[in-house]
Amino acid sequence: MTSRPTCDVVVVGAGMTGAACALYAARAGLDVMVVDRGPVAGGTTGAGEGNLLVSDKEPGPELELALLSSRLWSDLAAEPALGPAFEYEPKGGVVVASEPSSLAALDHFAAGQRAAGVDAVSVGPDRLRELEPHLSPAVAGGVLYPQDAQVMPTLAAAHVVRASGARLETGRTVTGVLRGADGAVRGVATDRGEIHAPAVVNAAGTWGGAVASLAGVHLPVLPRRGFVLVTEPLPRLIHHKVYAADYVADVASDSAALQTSPVVEGTAAGPVLIGSSRERVGFDRSFSLPVVRALASGATRLFPFLARVHAVRSYLGFRPYLPDHLPAIGPDPRVPGLFHACGHEGAGIGLATGTGHLIAQALTGRPPDLDLTPFRPDRFPAPAEQECA
């Protein structure tokens with residue numbers, strides 16, 4: 001097939017990760033088109049809290065990516081046309097423990113993070129009350145993470161796509177990945193015609209596995225459902241992202257069963273966001289009163305005043321889960337010209353900038369700032385290979 005390229009790279013997915021891929025690829029000099037079957041931030045991004053966290057990541061590849069991403073988010077926030085537009089708040093995070101035993105484990109975890117470059121400050125009960133005056137007096141202690149921040153995710157995705165200058169095609173469904181006789185990518189087929197390009201970036205989030213299959217490769221992305229509870233607008237009574245230490249274990253768990261751990265934070269607009277829950281139930285969008293009750297109960301244990309506050313709504317989303325809890329980032333050696341940027345689970349907003357930066361380096365043949373080996377898209381054996389093993 002010899003068709004004139006429509007662009008240099010097609011990014012499939014207009015969530016936060018796709019937006020960041022478009023931005024950094026365009027800033028590297030590439031002509032970019034972003035395609036999504038829905039609107040900008042219409043999937044996982046629009047159902048997220050906008051967290052940019054280093055606090056919940058143990059030393060290793062994901063933490064390295066989080067630290068890179070944190071620096072890049074800070075750089076974007078310093079750009080006058082971007083930072084104010086997406087409500088960047090470098091408010092920090094506070095992780096708390098209710099029992100001395102869990103506090104000892106939290107301090108041990110924080111010590112490892114400090115050795116890896118994280119700013120983690122152990123704080124006792126009195127200092128916690130200074131940081132969060134309305135926190136429950138039952139809390140034994142915690143750790144302050146000044147590098148944690150938050151953005152308004154839908155605004156962030158929209159403004160980053162706009163800043164990229166990429167051509168945006170929403171309401172356009174990718175139905176196939178075009179490949180030449182040599183097996184290399186030649187673009188994508190959509191329900192509104194073909195888009196020709198020598199590179200395709202799979203930034204489809206929870207549907208990343210489906211897009212990979214269009215190119216004939218296996219990527220086992222699964223949806224992990226989570227709910228968020230939203231309160232009425234309040235004065236700023238909660239100053240950091242505050243969560244219980246067991247949240248870290250829930251994030252790392254492989255269980256498909258329901259798990260909840262209290263995560264509470266105020267927003268620039270006034271409402272308090274309350275999470276978090278995790279369960280693998282496919283793409284079931286059913287409302288679950290038991291889950292929402294568990295979220296409310298956990299939040300009031302951390303902040304008793306919330307028992308007197310009205311919840312006005314809840315919403316749910318699907319985190320793109322990969323079995324080893326690391327995203328797929330970089331070129332796919334099975335299909336030349338195919339790149340993946342998906343599977344970030346609940347950390348996609350925070351890790352988007354680093355991911356986009358690394359993808360742009362891969363697209364332009366530059367050495368990556370991080371070793372991409374742990375994120376290789378082909379690290380998961382196909383089902384047939386698993387049966388033969």
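1. Let's start with empty space inside the fold. This is a predicted model, and it holds one cavity of 30 Å³ or more. The volume of the largest cavity comes to about 60 Å³. If you wonder how such a void is found, rolling a probe the size of a water molecule over the atoms shows where empty space is left.

2. Which residues line the largest cavity? They are Leu52, Leu53, Ala66, Ser69, Ser70, Trp73, Tyr88, Gln147, Ala149, Gly350 and Leu351. Sorted by class, that lining has seven nonpolar, four polar and no charged residues. Helix 2 and helix 9 are the elements that give two or more residues to it. Helix 2 provides the largest share, four residues.

3. Those two helices are worth a look together. Helix 2 covers residues 61-77 and helix 9 covers residues 348-363; they pack at an angle of about 90°, and their axes are 7 Å apart. With that angle, helix 2 is roughly perpendicular to helix 9. On the helix 2 side, the contact is made by Glu62, Leu65, Ala66, Leu68, Ser69, Leu72, Trp73 and Leu76. Helix 9 answers with Ile349, Gly350, Leu351, Thr353, Gly354, Thr355, His357 and Leu358. By class, you'll find nine nonpolar, six polar and one charged residues in this contact. Ala66, Ser69 and Trp73 turn up here and also in the lining of the largest cavity, as do Gly350 and Leu351 from the helix 9 side.

4. Helix 2 has another partner to check. Helix 1 (residues 16-27) packs against helix 2 at an angle of about 75°, with the axes 14 Å apart. This again gives a roughly perpendicular pair, helix 1 against helix 2. Met16, Leu23, Tyr24 and Arg27 in helix 1 meet Leu72, Trp73 and Leu76 in helix 2. What classes of residue make up this contact? It has six nonpolar, no polar and one charged residues. Note that Leu72, Trp73 and Leu76 are in the contact with helix 1 and in the contact with helix 9 too.

5. Follow helix 1 the other way and you get to a sheet. Helix 1 lies across strand 1, strand 2 (32-36), strand 12 and strand 19 (338-342), and it runs at about 170° to strand 2. Those four strands belong to an open sheet of six strands in the order 8-2-1-12-19-18, with mixed pairing. Where does the sheet end on either side? Strand 8 (167-170) and strand 18 (328-331) stand at the edges; each has a single partner strand, so one side of each is left without a neighbour in the sheet. On average, neighbouring strands are turned by 20° against each other, direction ignored.

6. For a closer look inside that sheet, try strand 1 (residues 9-12) and strand 12 (residues 200-202). The two run parallel and are joined by three bridges. Val11 stands opposite Val201 in strand 12. As a reminder, strands of a sheet pair through backbone hydrogen bonds, either parallel or antiparallel.

7. There's also an open sheet of three strands, in the order 9-10-11, and its pairing is antiparallel. Strand 9 (174-179) and strand 11 (193-196) are the edge strands, each with a single partner, so one side of each has no neighbour in the sheet. The twist averages 25° from one strand to the next. Strand 9 pairs with strand 10 (residues 185-190) over five bridges. In that pair, Val177 stands opposite Val188 in strand 10.

8. Back to open space, this time a pocket. The second largest pocket has about 340 Å³ of space. It is lined by 18 residues, and Met152, Pro153, Thr267, Leu273 and Tyr315 lie nearest its centre. Helix 5 (153-164) and strand 17 (311-321) each supply at least two residues of that lining. The lining splits into nine nonpolar, five polar and four charged residues.

9. Finally, two backbone spots to look at. Which form does the peptide bond from Gly275 to Ser276 take, cis or trans? It is cis, with omega near -5°, and Ser276 is found in strand 16 (residues 272-278). The other spot is Glu87, a residue other than glycine with a positive phi, near 55°. Glu87 is found in the loop between helix 2 and strand 4 (93-97).

Definitions and conventions:
Residues are numbered from 1 along each chain as its sequence is written. This is a predicted model: local features need pLDDT of at least 70, side-chain atom pairs count only at pLDDT 80 or more; totals for chains, interfaces and linings use all residues. Side-chain values use heavy atoms; hydrogens and water are left out. Axes are lines fitted to C-alpha atoms, for helices over the stretch in contact, and angles run from 0 to 180 degrees between N-to-C directions. Angles under 35 degrees count as roughly parallel, over 145 as roughly antiparallel, 65 to 115 as roughly perpendicular and the rest as oblique. Contact means heavy atoms within 4.5 Å. Ala, Val, Leu, Ile, Met, Phe, Trp, Tyr, Cys and Pro count as nonpolar, Asp, Glu, Lys and Arg as charged, and the others, Gly among them, as polar. On a 1 Å grid over the protein atoms alone, a cavity is a set of points where a 1.4 Å probe fits but cannot get out, and a pocket is an open set with protein on both sides within 12 Å along at least five of seven lines; lining residues have an atom within 4 Å of a point. Grid points are joined across faces, edges and corners, and a volume is the space filled by probe spheres set on the points. Two strands pair if DSSP finds at least two bridges between them.
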